[in-house]
Amino acid sequence: MFLVNVALAGPALLLTFVLIPKDRQRDRERKFDLPGALSVTLGVTLIVVALVEGPVLGWLSPGILFSATAGLALLGVFVLIERNSSDPLVPPRLLANRSLVTSLVIAFMFMATFGSVLYFLSVYFQEVLGYNALETGAGFLIPTAIVVAGSTTAGQMVTRFGLKRTLLGALAIGAVGAVLLGLAISPDGSYTSLIPGLVALSIGDGIVFTSMFIAAGTGVSDREQGIASGIASTGAGMGAAVGLAILVLVATAGLGDLTGEQLQDETANGISTTLFVVAAGIALTFLVALSRRETRAVAERAPAPVPVPCQGRRC
């Protein structure tokens with residue numbers, strides 16, 4: 001399975017020399033903020049470890065408490081480094097950009113909700129419906145195709161309808177899809193009954209994913225687009241860890257020492273409840289997007305054009 005990636009990545013690597021233009025000359029005045037990079041990377045990693053392992057080891061276990069405390073402390077150190085750095089990894093002024101901060105929250109909520117659904121569907125397919133690994137993979141073909149289509153057309157939709165309208169519409173469709181999935185998931189359910197919810201949720205998933213990165217780059221200068229995208233990506237990664245940790249607790253509440261058919265039934269009921277919680281999270285994300293102000297993109301400041309004489313023509 002992993003060798004398939006070699007067959008695909010090899011030709012893609014060769015095509016980059018033909019299709020991708022050469023990079024522009026680097027800005028030699030920039031410096032790599034190594035202390036900032038190390039502190040934020042270690043801080044985020046420790047917090048993610050605490051969130052992922054907390055349900056297993058116990059939230060009050062020494063390892064989890066140390067990991068969470070050290071992670072938060074390192075993030076505090078990162079803030080201090082960035083405030084005093086001559087060339088910070090994350091310029092503090094960017095965090096004053098309300099559009100970027102709102103996009104960061106949307107990215108966090110997106111992965112905490114949309115991004116967690118595949119995990120629970122995998123459990124439902126295999127533990128409740130009795131699918132094997134291949135059948136489970138086939139079950140994701142429809143949502144995957146729709147997500148790809150939504151991601152591809154999102155840019156055109158933003159151009160036509162505007163960023164805010166596109167985000168709100170996609171989030172509304174996604175929330176409806178989560179509700180439909182929650183209603184369809186049951187101990188004696190079927191894949192066919194899941195299709196309406198899968199389609200609606202996947203439409204929202206694909207469009208929101210692309211739109212939230214467009215939103216992150218809105219109002220940010222050309223040279224800082226990468227930083228804005230990185231901030232949104234970091235928020236999405238944190239959202240994935242936090243969302244899954246919380247939703248797993250919701251899905252497994254009350255399972256206890258159940259076994260056999262009773263465990264199977266309660267697993268389905270727990271996943272159904274989790275999908276309703278996901279729908280509520282998407283609705284909350286809708287409210288965040290609703291509060292977002294439309295911001296025009298900020299272009300790089302170019303040198304003023306040199307006046308050209310009229311040369312006898314009327315100016």
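In this predicted model, the salt-bridge count comes to 1. The bridge joins R93 to E224, whose closest N and O atoms lie 2.1 Å apart. R93 sits in the loop between α3 (62–84) and α4, and E224 in the loop between α8 and α9, so the pair ties together parts that are 131 residues apart in sequence. The two partners differ in accessibility class: R93 counts as exposed, at 56% relative accessibility, whereas E224 counts as buried, at 10%.

The chain contains 10 helices and 0 strands, and its elements accordingly run α-α-α-α-α-α-α-α-α-α from the N terminus on. Along the principal axes, the C-alpha trace spans about 90 × 50 × 45 Å. Of the 315 residues, 37% count as buried. Among contacts with a separation of 6 or more, 80% are accounted for by residues 24 or more positions apart.

Helix α1 covers residues 3–19, 17 residues in total. From its first C-alpha to its last, α1 reaches 24 Å, close to the 24 Å expected at 1.5 Å a residue. The number of buried residues in α1 is 0 of 17, so this helix lies largely in the open.

The largest nonpolar core comprises 41 residues, and those with the most contacts inside it are Y124, L194 and I282. At least two residues of this core come from each of α4 (98–128), α6 (141–161), α7 (163–184), α8 (191–217), α9 (225–252) and α10 (260–290). The greatest contribution is that of α4, with 10 residues. Leaving aside neighbours within four places in sequence, I282 is in contact with T113, F114, L171, G174, A175, A178 and L201. A second core, separate from this one, has 18 residues, including L51, M238, A241 and A245. In soluble globular proteins, nonpolar side chains tend to be buried together.

Aromatic pairs number 8. In one of them, the ring centres of Y119 and F120 are 5.0 Å apart and the ring planes stand at 85 degrees; the pair is therefore edge-to-face, as the angle is over 60 degrees. Y119 is partly exposed, with a relative accessible area of 42%, while F120 is buried, at 3%. One aromatic cluster is formed by Y124, F125, Y131, F140 and Y191. Y124 thus belongs to this cluster and is also listed among the residues with the most contacts inside the largest core.

S291 is located in the segment after α10. With a relative accessible area of 37%, S291 is partly exposed. The C-alpha atom of S291 is separated by 35 Å from that of I64, a residue 227 positions away along the chain.

The mean pLDDT of the chain is 88, and 93% of the residues score at least 70. Confidence is lowest in helix α2 (residues 34–57), with a mean of 89, and highest in α7, with a mean of 96. Over residues 297–315, pLDDT stays under 50. For residues 297–315, the model has 10 contacts beyond four places in sequence.

Definitions and conventions:
Residues are numbered from 1 along each chain as its sequence is written. Side-chain values use heavy atoms; hydrogens and water are left out. Rings of Phe, Tyr and Trp (its six-membered ring) pair if their centres lie within 6.5 Å; planes under 30 degrees apart count as stacked, over 60 as edge-to-face and the rest as tilted. Buried means under 20% relative accessible area, exposed over 50%, partly exposed in between (1.4 Å probe, protein chains only). Helices (H or I, at least four residues) and strands (E, at least two) are DSSP runs, numbered from the N terminus. The expected span of a helix is 1.5 Å times one less than its number of residues. A nonpolar core is a set of buried Ala, Val, Leu, Ile, Met, Phe, Trp, Tyr and Cys residues joined through side-chain atoms within 4.5 Å. Contact means heavy atoms within 4.5 Å. pLDDT is the predictor's confidence in each residue, from 0 to 100. A salt bridge is a side-chain nitrogen of Lys or Arg within 4 Å of a carboxyl oxygen of Asp or Glu.
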